[in-house]
Each structure stands twice: as structure tokens, then as C-alpha cells.
Amino acid sequence: MTVSSGSAGWYLRRLSRMGPREVGGRVADALRRRRWRSARPHCPRVTGARFTAVLPAGTIAAVPPDAAKRLVAEADRLMDGHAEYFGVVRDDLADPDWWSDPKTGRRAPGGYAFDVPYRNEDAVGDIKQIWEPSRHQYLTVLAAAYAITGDERYAERVGEHLRSWWAANPPLRGVHWISGIELGIRLLSWVWIRRLLDGWPGAAGLFEGNPVALNQIWHHQRWLAAFPSRGSSANNHVIAEAAGQLAAACAFDWFPASARWRAGALRSLERHLRGNTFHSGLNRELATEYHGLVLELGLAAVAEADAADRPVPASIRLVLLRMTDALAAVVDGRLRPPRQGDADDGHGLVVDGAGTDRWASLLATGDAVFGRLAWWPTVTGTDVRTPLLAALIKPTVPSVTRPASRPAHFADAGMTILRGPAGIWCRCDGGPHGFLSIAAHAHADALSVEVRHDGVDVLADPGTFCYHGQPEWRQYFRSTLGHNTLQLDGGDQSVSGGPFLWTRQARSRVLVADTSGASVGGTARWCAEHDGYRRSVHRRRVELTAASQELRVVDEVRGDRRAEVRLAFHLGPAISADVVGNRAVLTWSRDGEERSAVLDLPGQLSWRAHRGETDPPLGWYSAGFGRKEPATTLVGTALLGQHSADGTALSGEFTTVLRFRG
């Protein structure tokens, strides 16, 4: 069933997931929005403002030459007007229309910000296409190119675009004053733009000497102080809001309210960074890209506080340390993390060119700030961001015992990583459905597995693809059938109430997590179950045997009723499959070398290969937000309780074996 956001039913379902305190807060927000419609104060007069949060001497010289080369190449593409956002190639960045969506051809309406129906693609266009350039992260790239080269063309373009944006988006008017995460990330970008342009003669006149800029900065901070994400929405959004507010209140410390805004942002960051993170260090949204976003935002926020010589609670650094160690623990041999949950290509701070590995960059920053552990994977790539952040963050390592060996089982998050020879990597999911009462970025993926060989997706998590505007695709990519797990009676394990809302969530529990076997030539084992199918329990066992390079998956349905079973295995886009009966021969290449595996599927099920189907969607892989490509999905079906050809009743146990060759 497709459920839209914005209908009366959706509002009732959304309200049902809120507690009394959140309801009261949202009522107060609504009243404040009504007051602000007619009462818009002016920014207080600012005199003598100076920007002092500059980079230490020698920082730019520490940027690796190859990283600088990638950055400048990216900046030159931007100067020519070329960029790509979520699969849409654009050539209008030389003189952008800040309210236009090139994907649909629509332009967002003006008027009071809180009247804009931003979830309605027919009225506004694709809101992600409109919002993303206005995070101004492409301008931080241009500003960084100026800092490295001294070429004033980059600085002048930044100045032109900021003045254009400020003129087109006065406070509380239009689509860019609706969402707190957008305002928070935009403020963080402005801080770094000002820092990176510090050697340009026009920098002060663009920012602290510019009444329009001061008005924008003040109104952004006033908005964030008034409308924090709260309650069931206090996920990565509230981290971005707090990080942006803290950055601006530290670096742009020019207003009577700056100290109050700074203190409030620091309290919010400390509280919500802890709340959004498991003790193990994994992000509670169980959506890996948001782990990366929150870690980037947290590091950037600490950098601003340290640069301003403002004390940071030790708990903030501790959470960031644990997040960094957890990231180092879960990546595969090519430094790719799991593809779990939602992903929208969101970044906290962008100062690098195309081709820079996000996850390697985060690990490099973690090494520079906290120090790497002996079991960390080796990072060979380079980036611009690490030396910039490391120059500002004080090298203070929290006094805590860090893992002596590489963790493989994260009990609080329900994530287990099985590793074998030849780069075999398997993620097993037995954790909570998602974070907070709505689990906004969760997928119905309980007990799913994700398998790679030397970094290549073999059994793949298909990804996310979209949020708004295409409900049938949003539904598919977050569905149970859209993951490597078992579906009963055509339904999801958890019940969706909207594109970012789950009204009933499956509960999983891990029964066995013995990850040591495969590393010593034996067998690693994992077993978990979930209750998402009410009268039936789905239990799954996974065994990875090192000697034979064999992965065995045993699915068991416990219950006394007849049920239609569908078992899905999604192959990565690089995998070719030759399917005969219940056997699939898989082939692919890596670095010019041919690789193969044999997938023996349960013989009790009737198997069919699907690829690139649209009605309904099936057989797709999304490498990034807004992008999808056909990929093979193998689906086996049967009816529990029916009799096979030899007259025996079909049991509720199904065994799948994946054997890697060579």
C-alpha cells in the first residue's frame, strides 16, 4: 500500500507517534510561526565585527598535492556551471535560479516560508534538487580552491553567488526557510567560506562589513533557536541544527544573543549526539550514511568550538571517538561501509573534489584527531578536509579504553560482521527496526544479509533512490522484498504509515554471534529472529566457513499457519547470473580479474530472475540518491503447507549456499 505524507490520515498517524511533550512543543511552534508572519524583527546593529577564526599558519601548505589537484579540477567544473545533484546533470551553476528544479521543470512558489507545501512535488518540484545547491557546499569548494591557489576568480564567484542568494531569499520568504537542517548546514558552509576566503581583500566586505550578510546570519540563528527538531524528529536533523548554530555562534560572535545561542547549541549537541549514538559507536538510525553525516557534523562543530577556545564537554569527543572506531570496524577491505537504511548523499562539510573517498577521509581525520588503533584498516587516499579540521581541533583524546581488537558484533545495534578469506565480508542485521517512534530512515530489512567479495556487492542492499515524489519507488526500496530476507504473505515485516513513518515495527533479537571462527580457518556463526509476521517467527542462521569459502543461510518459519513465502536475493549491478533451476552461477570482474561463485538456492521454492521491472518495481540497485540501475534479483516462492510433487508437505526451512571459487 502506498501511503503519502500530507493527507489527513497521515497527520493522524504522525500525531499518534508523538508524546505529550512533543505535541505541546509543536503547538508552541505553530503559534510562533503565526506570530512571525506579521512580526519580523530586524537584526540588531553590529559595529566593529571582526572575523578571527582563521586557519593557523601553514595549514594550506599541509594539503596533499593530489587532493589539491582534485579540488581545483572540481572547482573549475563549477566555474563552468557544471554539477550533478542526485543523478541530474546541471549546467546552470554559473548563474543559478535558487528556486528552480531542473528535474521536473517546476519552480517553487514564494510567499511566507511556512506556507510553502514543500512535500508536494506537483506544486514545488523535487525539493531535494532545490535545497541541495542552497546548502552552499559547492561554494565551500570554490572557497577552498581560492585558499589553495590564490586565484581570485573563485573568490569573486563565491561573492556573486552569496549576494544573489541573499537577495533572492530574504528572511522567512520562500522554500529555503522551511527546514532546520538546511539552515544549519548552510551556516556551517558560510563559516568555512569566510575562513577560506580570509586572504581575499573582499572577504570582510562580503561578511562582517555587509549589513545584508549580518541580517541573514542573525535570522538563520534566530530561526534555529526558535524551531529545533524535537521528539520523534530529533534525529540527524537536530545534530545539523546544533552544529550549524554552534559554528556560527563561535565564528560569527557578533550579536547580543551569540553567547546564549552558543550555549544552547552546545547543550543540544551534547544531548542529541549521545542520544543518536549507541554505546558501541554506531548511529541509532541504523542508516550508515547518516552515521557519516553526523560524524562529519560533530567533528566540524568541535573544530569551531576549539578554534574559538570554547570548552567542549568531554562526552562529545567521546561519542565522536566511538563513532570513528565503529566506522573503522565495519568497513570492508575497500573501506566501504554497510549500505544499511536510508541514504541521501548528505554531507556535513565539503571541501574536496570528485574522486575523494568519503569514508577514507573520515578515518584519516579520526587518525589525525584521536589516533588510529593497530587493527584499523590502512587508509591510502588523501583529502583536503583532514588537514583543515586537524589544524583546528585540539588533540584531546578522551580517557577511555578503546577496543583492543577489531569489533565484529555490535550487540546494541544488532549488527554483526562476518569476515572470511579473499575479502569475503558479510553484514547480518538483527537489530532494532530504527530510531525513535517513527524510525524515519529505517527499512523493513530485519535479518537481511549483505555480502561482498573484495569490495564488490554480491548479495547487495539495493539502496534508497528517492524520498519524495515517487511513492511506489520509495515503497519498494524500503520494503522487505527489496532486501535479502524473507517475506510472508506479500507484506512487510514492519508497517509503513508514510515515507518517513513506521506505525508498527518488527522486533529482532540476536541468538548467536560467534564471529571468531572464520578468522582462524573455522566457521563463524550468527542466528537471529524477528516477530514482524505476528503469528509466525522468522529465524535465520548464517554460517561462514573459511576453508571452503562458503556462506550458508538457513531460513526457518515457525508457526502453524499456511503462508506464502517469498525469499529474495538481490545481486549487485556488477554480477551476471546464469540461472538454471535452483542454481545460479555468478560471475564478475575485479581489477581486470574474472571472479565467480555458485549460489545454490532452496529447491522447495520456485525461482525466477527479475531485472529492471517497473510494474511493480523489482530488480534495481541505487548507487546513490536519485540514481538507479537494473540489477538481477532472484525470488523464490512457495506456499507453506502445500504438498510437493512427491506428496510431502513443504517444511518451513530453506537452505541457501553461496560458494566462492578460487
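This talk walks through two sheets, two helix pairs, a salt bridge and two backbone details of the structure above, which is a predicted model.

Let me begin with the sheet of five strands, which is open and follows the order β5-β6-β7-β8-β9, with antiparallel pairing. At its edges are β5, residues 409–410, and β9, residues 456–459, and each of these pairs on one side only. If you look at the β9 end, you will find strand β8, residues 449–453, joined to β9 by three bridges in the antiparallel sense, and within that pairing Arg452 has Asp457 of β9 as its bridge partner. As general background, strands of a sheet pair through backbone hydrogen bonds, either parallel or antiparallel.

What lies across β5, β6 and β7? It is helix α14, residues 314–330, which runs at about 40 degrees to β6, the strand of residues 415–419, while β7 covers residues 424–429.

Staying with helices, I would like to turn to α13, residues 288–307, and α15, residues 358–370, which pack with their axes 11 Å apart and at an angle of about 40 degrees. Because of that angle, α13 is oblique to α15, and the crossing of the two helices is left-handed. On the α13 side the contact includes Gly292, Leu293, Leu295 and Leu299, and on the α15 side it includes Trp359, Leu362 and Phe370. Sorted by class, the contact of α13 with α15 is made up of six nonpolar, three polar and three charged residues.

A second helix pair can be described in the same order, namely α10, residues 211–226, and α11, residues 236–251. The axes of α10 and α11 cross at roughly 140 degrees and come within 10 Å, which means that α10 is oblique to α11; here, too, the crossing is left-handed. Gln221, Leu224 and Ala225 are the residues of α10 that meet Glu241, Gln245, Ala248 and Ala249 of α11, and this contact divides into four nonpolar residues, two polar and one charged.

The loop between α10 and α11 holds Arg230, and this residue forms a salt bridge with Asp29, with the closest N and O atoms 3.1 Å apart. Where does Asp29 sit? It belongs to helix α2, residues 20–38, so that the pair, 201 residues apart, links distant parts of the chain. In general, side chains of opposite charge can pair when their charged atoms come close, and a search of the whole structure finds 52 salt bridges.

Further along the chain there is another open sheet, this one of four strands in the order β10-β17-β26-β21, again with antiparallel pairing. The edge strands, each pairing on one side only, are β10, residues 486–488, and β21, residues 606–611, and neighbouring strands of this sheet are turned against each other by 25 degrees on average, direction ignored. Between β10 and strand β17, residues 564–570, there are three bridges, and the two strands run antiparallel; there, Leu486 stands opposite Leu567 of β17.

I will finish with two details of the backbone. Asp615 and Pro616 are joined by a cis peptide bond, with omega at about 0 degrees, and Pro616 is placed in the loop between β22, residues 613–614, and β23, residues 617–618. The other detail is Phe86, which is not a glycine and yet has a positive phi of about 55 degrees; Phe86 is found in the loop that lies between β1, residues 83–85, and β2, residues 88–90.

Notes: Residues numbered from 1 in each chain as written. Predicted model: local features only at pLDDT ≥ 70, side-chain atom pairs only at ≥ 80, totals over all residues. Heavy atoms only, no water. Pairing = 2+ DSSP bridges. Contact = heavy atoms within 4.5 Å. Axes fitted to C-alpha atoms, helices over the stretch in contact; angles between N-to-C directions. Parallel < 35°, antiparallel > 145°, perpendicular 65-115°, else oblique. Left-handed = near helix turned anticlockwise from the far one by under 90°. Nonpolar A, V, L, I, M, F, W, Y, C, P; charged D, E, K, R; others polar. Salt bridge = Lys/Arg side-chain N within 4 Å of Asp/Glu carboxyl O.
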